[in-house]
Amino acid sequence: MKEKILEMEEYAAEHNVPIIEKKSIAFIMKFIKDNNIKNVLEIGSAIGYSTILMASSKDDVYVTTIERDETRYMECLKNVKACGLDKKINVVYQDALDVNLSNDLKFDLIFIDAAKGQYTKFFEKFKYFLSDNGFIITDNVKFHGYVGRSDELEKGNLKSLVKKIEGYIDFLKNNGEFDTKFYDVGDGLSISVRKNEE
């Protein structure tokens with residue numbers, strides 16, 4: 001398993017596939033253990049790096065992960081099989097915004113790490129699948145240190161993407177339904193939980 005993880009890190013570097021930072025995934029794996037998470041939904045599998053590490057964080061955790069890019073989806077399937085985790089991981093090949101999940105599915109943790117510009121849409125769509133005391137974790141909320149500095153950036157793709165992430169952070173901070181804490185781990189993580197109804 002360790003060898004496979006190293007191999008995946010090398011593949012990601014060679015093929016320019018964004019994978020989660022080591023500090024961030026270590027934080028999430030500990031979080032899964034500490035909070036007795038059993039069902040995880042991941043938006044954005046890429047090659048299955050975070051998927052495999054989350055699934056291996058404890059014996060009774062099961063991960064459903066969604067990937068829209070065919071090459072990455074096939075790579076993810078291959079890696080999951082190589083790690084012997086195909087009984088614990090369900091890889092779905094579809095755009096997350098088009099996925100129709102069964103209404104009775106509930107997840108203790110929803111992990112958002114796909115198209116950054118769609119974060120708010122992902123949150124709004126999948127919050128209905130969160131179990132009562134579940135958590136929504138989002139990666140890259142600092143986005144390489146650009147978040148909060150979009151005004152300094154030249155007009156272009158990067159600026160508009162950073163603006164969208166800043167918009168997502170505002171959406172989280174002003175959300176009437178969820179409380180969110182931000183963590184300065186890796187490329188920035190946020191953890192959202194439903195507010196207690198009085």
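In this predicted model, seven strands form an open sheet with mixed pairing, in the order β3-β2-β1-β4-β5-β7-β6. Its edges are β3 (89-93) and β6 (178-183), each of which pairs on one side only. Direction ignored, neighbouring strands of the sheet are turned by 15° against each other on average.

Within the sheet, β5 pairs with β7 (residues 189-194) in the antiparallel sense, over five bridges. One residue pair can be named here: D139 has L189 of β7 as its bridge partner.

Two helices that pack on the sheet are α2 and α6. The strands touched by α2 are β1, β4 (107-112), β5, β6 and β7, and the direction of α2 makes about 25° with that of β7. Helix α6 touches β4, β5, β6 and β7; its direction makes about 130° with that of β6.

Positive phi values occur in two loop residues that are not glycine, N36 and F143.

| Residue | Phi | Loop | Relative accessibility |
|---|---|---|---|
| N36 | near 50° | between α2 (22-34) and β1 (39-43) | 45% |
| F143 | about 40° | between β5 (130-139) and α6 (157-173) | 11% |

The surroundings of these residues can be classified from their accessibility. N36 counts as partly exposed because its relative accessibility is 45%, which lies between the cut-offs of 20% and 50%. F143 is buried, because its relative accessible area of 11% falls under the 20% limit. The loop that holds N36 leads from α2 to β1, and α2 touches β1 in its packing on the sheet. The loop of F143 lies between β5 and α6, and α6 has β5 among the strands that it touches.

Definitions and conventions: Residues numbered from 1 in each chain as written. Predicted model: local features only at pLDDT ≥ 70, side-chain atom pairs only at ≥ 80, totals over all residues. Heavy atoms only, no water. Helix = DSSP H or I, 4+ residues; strand = E, 2+ residues; numbered from the N terminus. Buried < 20%, exposed > 50% of the residue type's maximum accessible area, 1.4 Å probe, protein only. Pairing = 2+ DSSP bridges. Axes fitted to C-alpha atoms, helices over the stretch in contact; angles between N-to-C directions. Contact = heavy atoms within 4.5 Å.
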